[in-house]
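Please look over the chain shown below before reading on. The report that follows moves from one exposed position to the helix beside it, and then to the chain as a whole.

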Amino acid sequence: MRWQDLDLDRGILSIEQTVQRVAGRLRVQDTKSEDSDGVLPLPEVTWLTLLDHQKRQKIEREVAGKNWTEHGLVFPSQLGTPMEPCNLNRHFAGLRERAGLPDIRLHDLRHTMVTLLLDLGVSPHLVQAIARHAHVDITLKIYAHTNLEAMRAAVKRLDDELD
């Protein structure tokens, strides 16, 4: 994610590129497919946190001085370059531990977000669009978990209708 892809005044993210390893080096590339491209609204807590992060990164850039290599990334290494995935995972693990959260991978946050949206009753087609899945059946097959309480509520609605 690059700063130029964020409109923090409007709380939106334009997805156009990704960081991928090419010939052994991390590079900013186009997304895998056109289905991956798009504009997403950000939860208010996210874009407010990004505003704070932007201020902290400015200080990091000043501290690094001439060693900083500008790539415009929101989450670069300490020198501004694309962050190695193993370093990102290690950093996330430290944050997770300090917050007292269970042992989860960074990618599990995506899974949690999609599952929560579905549990909140958000239309699967909207969740598909947010997750950037090519087809809604991917969203439902991979991410939707059957929630016992949701099933009870559905059966109760059926009972109420039949009474």
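A residue counts as buried when its relative accessible area is under 20%, as exposed when that area is over 50%, and as partly exposed in between. In this model, which is predicted, glycine 121 has a relative accessibility of 61% and therefore counts as exposed. Glycine 121 sits in the loop that runs between helix 3 (106–119) and helix 4 (124–131). Although 29 residues separate glycine 121 from alanine 150 in sequence, their C-alpha atoms are 9.6 Å apart in space.

**Helix 4**

Beyond that loop, the buried residues of helix 4 are Val127, Gln128 and Ala131. These residues cover an arc of only 105 degrees around the axis, so they lie on the same side of helix 4. An α-helix has 3.6 residues a turn, so residues three or four places apart point the same way. The buried residues of helix 4 pack against helix 3 and helix 5 (136–143), whereas the face turned away from this buried side carries the exposed residues His125 and Leu126. Just after helix 4, arginine 132 takes a positive phi of about 65 degrees.

**The chain as a whole**

The secondary structure of the protein chain comes to six helices and five strands, and along the sequence these follow the pattern β-β-β-β-β-α-α-α-α-α-α. The radius of gyration of the protein chain is 19 Å, well over the 15 Å that the globule rule gives for 163 residues, so the chain is more spread out than a compact globule. Taken along the principal axes, the C-alpha atoms fill a box of roughly 75 × 40 × 35 Å.

Some further values for the protein chain are set out here.

| Property of the protein chain | Value |
|---|---|
| Buried residues | 25% of the 163 residues |
| Contacts joining residues at least 24 apart in sequence | 42% of contacts between residues at least 6 apart in sequence |
| Exposed area supplied by carbon and sulfur atoms | 56% of about 11,800 Å² |

What, finally, are the numbers of positive and negative side chains in the protein chain, and how far apart do the centres of the two sets lie? The protein chain has 21 positive and 24 negative side chains, and 8 Å separates the centres of the two sets.

Notes. Residues numbered from 1 in each chain as written. Predicted model: local features only at pLDDT ≥ 70, side-chain atom pairs only at ≥ 80, totals over all residues. Heavy atoms only, no water. Helix = DSSP H or I, 4+ residues; strand = E, 2+ residues; numbered from the N terminus. Buried < 20%, exposed > 50% of the residue type's maximum accessible area, 1.4 Å probe, protein only. Rg over C-alpha atoms; globule rule 2.2 N^0.38 Å. Contact = heavy atoms within 4.5 Å. Areas by Shrake-Rupley, 256 points an atom, 1.4 Å probe, with all protein chains shown as cover. Lys, Arg positive; Asp, Glu negative; His and termini not counted. Charge placed at Lys NZ, Arg CZ, Asp CG, Glu CD. Arc of directions from axis to C-beta.
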